[in-house]
Amino acid sequence: MTGSGGVRPRVLVTGATEVVGRAAIDCLLDVGVRTRALVPPTEAAGVPDAVDVAFGDLTAPESLDAALVEIDAMLLMPTGAPNREVLERIRTAGLRRIIVLSSASAPWERAQPRASRHFLAWEQAVEATGLGWTHIRPAGLMAASWQWAEDIRSDSVVREGFPTARYPYVHEWDVAAVAVAALLDQRHDGARYLTTGPAAISAADRVRDLAEAIGRPLRLEQLSEDQAIARWRALGYDEDSIEIQLIVSRDQVDKPPRPKRTVEKVLGRPALPFSQWAIDHAEDFQ
């Protein structure tokens, strides 16, 4: 995909200071794509100097007008509920395609009556615009392991419920690279890409890789279900979310999801393993 006169397209990234959005910006800059970030004023410092910055967010329709000028494609990180006015402004701005940074939970949301319809609702709303679209549905991000950083730094202990539950966590760089491929090539229009890492891994696997990356032993301490529930409450989970998390965690012990080859099919290389993520972020745990 190119703009008029062979100029590389201009892409708008929302959620630009979040882990995947930030990685996507780096991927876009690496291939010479003119990039604009939509951020609240308080987050501008997290955007590279080479990126054009527009202040605003998806909950304020009037903030989008300047951000959408001369934009060909948009990486959209859902915020709040879909807003009809926001989507209408996007639809009429002249974009060719919207890439939705969704979640592997989107199809699951359809089947679970008590689940939030957050990601599924955004997918459906974007499809209704009539623009080209691709939904990127990452499995849990490897970056979720950052929640252990303080405990690892303080006493080298990871405390986790369901330590034998396994899940094919995905590196943020793989999610970002798949999203950028969809932004720049219309052949991905209409795809729903479930992106996973190369293997379903447990907390014990991740702790082992982190210990090797930072060069010191770590200990994994198992929380009881009650302790795990208390932690989720402390993190702000509501009771429905806690019940869903329990169901998912138990399933991941007995029937872990199988990894998909989406990253390899889209990018032509295998998905990055957690051991690579641990090396990439080792300093965060020192």
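Start by selecting helix H1 (residues 19–30) and helix H7 (residues 172–184): their axes come within 8 Å and cross at roughly 55 degrees. Helices here are DSSP runs of H or I with at least four residues, numbered from the N terminus, and axes are lines fitted to C-alpha atoms over the stretch in contact, with angles from 0 to 180 degrees between N-to-C directions. That crossing angle makes H1 oblique to H7 (under 35 degrees is roughly parallel, over 145 roughly antiparallel, 65 to 115 roughly perpendicular, and the rest oblique).

Before moving on, a word on what you have open. This is a predicted model, where local features need pLDDT of at least 70 and side-chain atom pairs count only at pLDDT 80 or more, while totals for chains, interfaces and linings use all residues. Residues are numbered from 1 along each chain as its sequence is written, and side-chain values use heavy atoms, leaving out hydrogens and water.

Now show the side chains between the two helices. Among those in contact (heavy atoms within 4.5 Å) are Val20, Ala23 and Cys27 of H1, and Trp173, Ala176 and Val180 of H7.

Next, select helix H9 (residues 225–234) and helix H10 (residues 239–254), which pack at an angle of about 135 degrees with their axes 10 Å apart. H9 is therefore oblique to H10. Which residues of H9 make the contact? Glu225, Ile229, Trp232 and Arg233 do, and their partners on H10 include Ile242, Leu246 and Arg250.

Stay with Trp232 and add Tyr237. The two form a stacked aromatic pair, 6.3 Å centre to centre with 10 degrees between the planes. Rings of Phe, Tyr and Trp (its six-membered ring) pair if their centres lie within 6.5 Å; planes under 30 degrees apart are stacked, over 60 edge-to-face, and the rest tilted. Are these two residues buried or exposed? Trp232 is buried, at 10% relative accessible area, whereas Tyr237 is partly exposed, at 33% (buried is under 20%, exposed over 50%, partly exposed in between, with a 1.4 Å probe and protein chains only).

For another pair, pick Trp277 and Phe285: the ring centres are 6.1 Å apart and the planes at 70 degrees, so this pair is edge-to-face. Both Trp277 and Phe285 are buried. Add Trp146 and Phe274 to see one aromatic cluster of these four residues. The whole structure holds six aromatic pairs.

Last stop: Tyr169. The charged end of Arg206 sits over the ring of Tyr169, 4.4 Å from its centre (NZ of Lys or CZ of Arg must be within 6 Å of the ring centre and within 35 degrees of the ring normal).
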